[in-house]
Amino acid sequence: MTVSPRRARRTSVAVLTAAATCGALALTTPAVSAAPAGVTATSGSIRGAAWAAKVPAAWNGTVLLFNHGIRTTLDPNRAAELAPTGSDGDAASSLLARGYALLGSSYRSNGFAVRDAVNDDLLLLASFKASHPGRVKRTYVWGASLGGLITETLAEEHPGLVAGAAPACGVLAGAVPIADQVLDTLVMTRAFFAPTLKVAGYATDAEALKVFNGLKATVLKQLSDPATQTASVGKILAIATLQGLPYLTSSFAGRVTSSQVGAATEGVLTQAGAAILGSRDSMARTGGNYATNVGTLYIRKVNAQTVARFTSVGLGGNLLRSYALTLDRRVLRLPANPVARQRARSLGAPTGLVKVPTVTMHTEFDQFVTAANEQLFASRVAARGAGAKVLQTWIKPPAYTDRTATGGGAPYGAGHCNFTVSQWDGLVDTLNTFVTTRAKPNPAPIFTAAKAPGLDQGFQPLTWTGTKA
């Protein structure tokens, strides 16, 4: 079955909405605020990285060292963050009220700053312990998105410094696999929508932003133009399917074809934008281009799982195979600089050799750092025999409608790092239970006690289909 022109034309409103709701990267919002009564707030700078700390009067001796998500090199934000901002408020207040001290760094640079962040975390933690002699009983490291990769990297490299780790919505595939994935999404989009698109070698960040905005405009125009819409719908859904991107996001509930196309478009443009806007920073950190699609056979991405997904939206498995073969013939191939690729592994390469209690949390439908990151990480943990140290948790969205000018959208469970304050509380409480009892806990009663909805331990993420190391 194929999408009819009449059915396809109904996608235009949702797709145009995607232009406003999707971005290249999920940027973070500072959670540092004025200290409430009974909380001591301090801040400063260490080697160019701003830091902040808050310690409640009734401190329980545990420090939560937070790692924020990626900020592009275009982002002027250089503030430290102490905790994530939930979809319904600031998680810092709840944690302070329960006796945790909060600590966080801005890192000395924006971009894919994993190595900078780990070094800055170590300096900050040492400084905090020195200024609070004998008072730190244990340290938990946690973070969101890129901060999840920073968290896991710190915990694997320095297990003696932390009692536990909680990477949320984390880039747990690692720097090289995620770079290959977003590059793949970019060149697939180029092949189908913008064959002359420049994909590397931007002279400035401003040029990269201009290129991305041009790509977004081109894709949205082809999806909304009746003359090109039917074919474009199939292509955008094929890219999302082959890349394991969800058919629903926090903006699109995915209940009808138009909403599924909007979600697929949001995911594709988000990943393509990450490849474009991160290109200059990645090359500066490693000395060359380290992402590649050389050797990738897109037809191998067509399997029982991807065919089942594609047919679920009314399109045929043979059409998906045709798209994949077309990509194999037409897609631009970018070779990697081998020295840069090796250097990139220092930007975060989780091994699965987990030595401290670790609790992950991921939305089930993340259009940027897909839930398949967790599947790949779990396979590494299993290979290392470290399963007793790792507990993965999943958050399912409630019923919701597409986001419009008058409301809608998922309050949690769909979208990148889209959690409520109570779910962040549940994550910390689960980790604390894991550490203090020295046994992997059942998260259900802990999330229930935290009044955190959406926990779904029966969820199985899609299989990671890209580079694995």
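Ser145 is buried (under 20% relative accessible area; exposed means over 50% and partly exposed in between, with a 1.4 Å probe and protein chains only), and its own relative accessible area comes to 6%. This serine sits in the loop between S7 and H5; here helices (H or I, at least four residues) and strands (E, at least two) are DSSP runs, numbered from the N terminus. Its phi is near 65°, a positive value in a residue other than glycine.

The model here is a predicted one, so local features need pLDDT of at least 70 and side-chain atom pairs count only at pLDDT 80 or more, while totals for chains, interfaces and linings use all residues. Residues are numbered from 1 along each chain as its sequence is written, and side-chain values use heavy atoms, with hydrogens and water left out. As for pLDDT, the predictor's confidence in each residue from 0 to 100, the protein chain averages 92, and 92% of the residues score at least 70. Residues 1-34 are another matter, with pLDDT below 50. That stretch still has 96 contacts in the model beyond near neighbours in sequence, a contact being heavy atoms within 4.5 Å.

Back around Ser145, strand S7 covers residues 138-144 and helix H5 covers residues 146-157. Together with S8 they make a right-handed β-α-β unit. Right-handed means that, with the strands pointing away from the viewer, the path from the first strand over the helix to the second runs clockwise. S7 and S8 also pair in the parallel sense, over 5 bridges; two strands pair if DSSP finds at least two bridges between them. One of the links can be picked out by name: Tyr140 has Gly164 of S8 as its bridge partner.

How much of S8 is buried? The count is 5 of its 5 residues, which leaves the strand mostly covered. Gly164, Ala166 and Ala168 are on one side, Ala165 and Pro167 are on the other, and both faces are covered. S8 has S9 as a parallel partner too, over 2 bridges, and Ala165 is matched there with Thr358.

S9, in turn, runs through residues 358-363 and is joined to S10 by 6 bridges, again in parallel. Within this pairing, Val359 has Leu391 of S10 as its bridge partner. A second right-handed β-α-β unit turns up here, made of S9, helix H14 (residues 372-383) and S10. S10 is largely enclosed by the rest of the structure, because 6 of its 6 residues are buried. Val390, Gln392 and Trp394 point one way from the strand, while Leu391, Thr393 and Ile395 point the other way.

Next comes the disulfide, a pair of cysteine sulfur atoms within 2.5 Å. By this rule the count comes to 1, and the link joins Cys169 to Cys417, with 2.1 Å from S to S. The link is right-handed, with 105° about the S-S bond. Cys169 lies in the loop between strand S8 (164-168) and helix H6 (175-193), and Cys417 in the loop between strand S10 (390-395) and helix H15 (421-437), so the pair ties together parts that are 248 residues apart in sequence. Both Cys169 and Cys417 are buried. Cys417 also has a positive phi of about 55°, although it is not a glycine.

Two threonines round out the picture. Thr185 lies in helix H6 and is buried, with a relative accessible area of 0%. Leaving aside residues up to four places away in sequence, Thr185 touches Ile239, Gln243, Val268, Gln271 and Ala272.

Thr465 lies in the segment after helix H16 (443-449). Is Thr465 buried or partly exposed? Its relative accessible area is 29%, so Thr465 counts as partly exposed. With residues up to four places away in sequence again set aside, Thr465 touches Leu242 and Lys301. The backbone oxygen of Leu242 lies 3.5 Å from a polar atom of the Thr465 side chain. Thr465 and Gly244 are 221 residues apart in sequence, yet 7.4 Å apart in space, C-alpha to C-alpha.

Methods: A polar contact is a pair of N or O atoms within 3.5 Å; within protein, one must be able to donate a hydrogen and the other to accept it, and residues adjacent in sequence count only if both atoms are side-chain atoms.
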